[in-house]
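The following exercises are to be worked with the sequence and the structure at hand. Each task is followed by a solution in steps.

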Amino acid sequence: MQLRNLNKKAIKDMALVGKIFKEEKDILYRRGEIKGEIKGRYEEAMEIALEMKKDKFPIEKIAKYTGLTIEEIQAL
């Protein structure tokens, strides 16, 4: 805040925003969290699929266990 050269009232007002606004309840914040969780699960499934493919598991089994499509697995 000091880098912006704000007056004391502006600094006080900005400090209050954090007490009033809870980002965890904001729909866009939650949507971003959910997207991040989905992306993380997808990346984890891709890593598992790659290891299973290296170990010569049948593609159909990899798809069943990871939830990935056969095309996604073949592309690995």
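**Exercise 1. Which sign of phi does K56 take just after α2, and where does this residue lie?**

Step 1. Just after α2, K56 takes a positive phi of about 65°. Helices (H or I, at least four residues) and strands (E, at least two) are DSSP runs, numbered from the N terminus.

Step 2. Most residues other than glycine have a negative phi. K56 has its positive value although it is not a glycine.

Step 3. K56 is placed in the loop between α2 and α3 (59–66). Its relative accessible area is 72%, so K56 is exposed. Here buried means under 20% relative accessible area, exposed over 50%, and partly exposed in between (1.4 Å probe, protein chains only).

The model is predicted: local features need pLDDT of at least 70, side-chain atom pairs count only at pLDDT 80 or more, and totals for chains, interfaces and linings use all residues. Residues are numbered from 1 along each chain as its sequence is written, and side-chain values use heavy atoms, with hydrogens and water left out.

**Exercise 2. Compare the expected span of α2 with the distance between its end C-alpha atoms.**

Step 1. The expected span of a helix is 1.5 Å times one less than its number of residues.

Step 2. Helix α2 covers residues 27–54. For its 28 residues the expected span is 40 Å.

Step 3. The end C-alpha atoms of α2 are 41 Å apart, which agrees with the expected span.

**Exercise 3. How many salt bridges does the structure hold, and which residues form them?**

Step 1. A salt bridge is a side-chain nitrogen of Lys or Arg within 4 Å of a carboxyl oxygen of Asp or Glu. The structure holds three.

Step 2. R30 pairs with E33, with 2.1 Å between the closest N and O atoms. Both residues lie in α2, three residues apart, about one turn of the helix. R30 is partly exposed at 32% relative accessibility, and E33 is partly exposed at 30%.

Step 3. R41 and E37 meet at 3.9 Å, N to O. They lie four residues apart in α2, about one turn of the helix. R41 is exposed at 55%, whereas E37 is partly exposed at 39%.

Step 4. E51 pairs with K54, the closest N and O atoms being 3.5 Å apart. E51 and K54 are separated by about one helical turn because they are three residues apart in α2. E51 is partly exposed at 42%, and K54 is exposed at 53%.

Step 5. The general rule is that an α-helix has 3.6 residues a turn, so residues three or four places apart point the same way.

**Exercise 4. Identify the buried residues of α2 and what covers them.**

Step 1. In α2, the residues A45, M46, A49 and M52 are buried.

Step 2. Their cover includes α3 and α4 (70–74).

Step 3. L50 also lies in α2, but it counts as partly exposed at 32% relative accessibility. L50 and L76 are 26 residues apart in sequence, and their C-alpha atoms are 6.5 Å apart in space.

**Exercise 5. Describe the protein chain as a whole.**

Step 1. The chain has four helices and zero strands, and from the N terminus its elements run α-α-α-α.

Step 2. Of its 76 residues, 12% count as buried.

Step 3. Among contacts (heavy atoms within 4.5 Å) with a separation of 6 or more, 21% join residues 24 or more positions apart.
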